[in-house]
Amino acid sequence: MTLQQLKYIVTVAETGTFSEAARVLYLSQPSLTKSIKELEKEMGVTIFDRTNKGTSVSKEGEIFLGYARQVLEQAALLEEKYKVHGGGKQEFCVSTQHYSFAVNAFVDLIKEYGSDEYDFSLRETQTYVIIDDVSRMKSEIGILYYNEFNQMVIEKLLKVHDLRFTELFTAKPHIFVSSGNPLSKKKSVTMDDLAPYPYLSYEQGEHNSFYFSEEIFSTAVRSKNIRVMDRATLFNLLIGLNGYTVCSGVIDKGLNGENIVAVPLNAEGEMHIGVITHKKAVLSRLGTYYIEALKKYTA
């Protein structure tokens, strides 16, 4: 196994085809295919499924790619430290629930490490997908929460996927509403206060279980429900429909503007918000910096 072969499989995974990867790598397609087949035979793993419909990364290939990206990152670190020129394009990916502090920390990361070439990804996505991304090492870091209601389910999933949860902070329940909503003027609100207003939450796709809800008190019965996929849509509906969502209360006015405010919710419960990482993975310098930036914004 060589670093060159690892670069080859990562490029094929990124481009989606052997022909495009060969073009990017300035190789003939037969040479690329032969090199990757030799790697698969040596390591005893099928990295790519090849069918009449094309090429896709296999399930075991996803895990192998996760380790390959770590090795390439460590090699890039060595080159950067001991060679005059940098170690090539830097890569980093984080999967997270919809938190403004995750975006703030990501901005800091790019300002610190964004050289002439980099490929960074911030995936605001569904709870189950976050766990899956980190377990397959598509993402180095995941960000999510657990509470008393979903703790057992989340901890079981993390254990099955060999993941570690490290808490950043504990939050009391709040709501986000628009500054024009009558509730925004209150020092705190109750569940009864919320009854007349539309409730907004994030869609969880095929894993749309109460246990994977991004919002605490997901089992509460509400007469007006709206589910969305992204933060911008949710905030627009908060403003346009005088809706509300239940949250941690952490918001960045510089990022989200003055139109959205957080109000404490008088209800028993806590949100334990933290990062998940793979137990078998070594945290990269980018991952280490990102976590420190998260701590700064959630202190």
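This is a short walk through one sheet, the helix that packs on it, and one serine in a loop. The model is predicted, so please read each value below as computed from that prediction.

Let us begin with the sheet. Five strands make up an open sheet, and following them across gives the order S4-S3-S5-S12-S6, with mixed pairing. At the edges you will find strand S4 (118-124) and strand S6 (163-171), each of which pairs on one side only. From one strand to the next, the twist averages 20°.

Now look inside the sheet, at strand S5 (residues 141-146) and strand S12 (residues 271-278). These two strands run antiparallel and are joined by five bridges. To find this pairing in the model, you can start from Gly142, whose bridge partner in S12 is Ile276.

A helix comes next. Helix H6 (residues 127-135) packs on the sheet, where it touches strand S3 (90-96) along with S4, S5, S6 and S12. If you compare directions, that of helix H6 makes about 140° with that of S5.

Finally, let us visit Ser218. This residue sits in the loop between strand S8 (199-202) and strand S9 (225-228). Is Ser218 buried or exposed? Its relative accessible area is 13%, and buried means under 20%, so Ser218 counts as buried. Which residues does Ser218 touch, leaving aside those up to four places away in sequence? They are Phe149, Phe210 and Ser213. With Phe210 there is a further detail to look for: the side chain of Ser218 reaches the backbone oxygen of Phe210 at 3.1 Å.

How values were computed
Residues numbered from 1 in each chain as written. Predicted model: local features only at pLDDT ≥ 70, side-chain atom pairs only at ≥ 80, totals over all residues. Heavy atoms only, no water. Helix = DSSP H or I, 4+ residues; strand = E, 2+ residues; numbered from the N terminus. Buried < 20%, exposed > 50% of the residue type's maximum accessible area, 1.4 Å probe, protein only. Polar contact = N/O pair within 3.5 Å; in protein donor to acceptor, adjacent residues only side chain to side chain. Contact = heavy atoms within 4.5 Å. Pairing = 2+ DSSP bridges. Axes fitted to C-alpha atoms, helices over the stretch in contact; angles between N-to-C directions.
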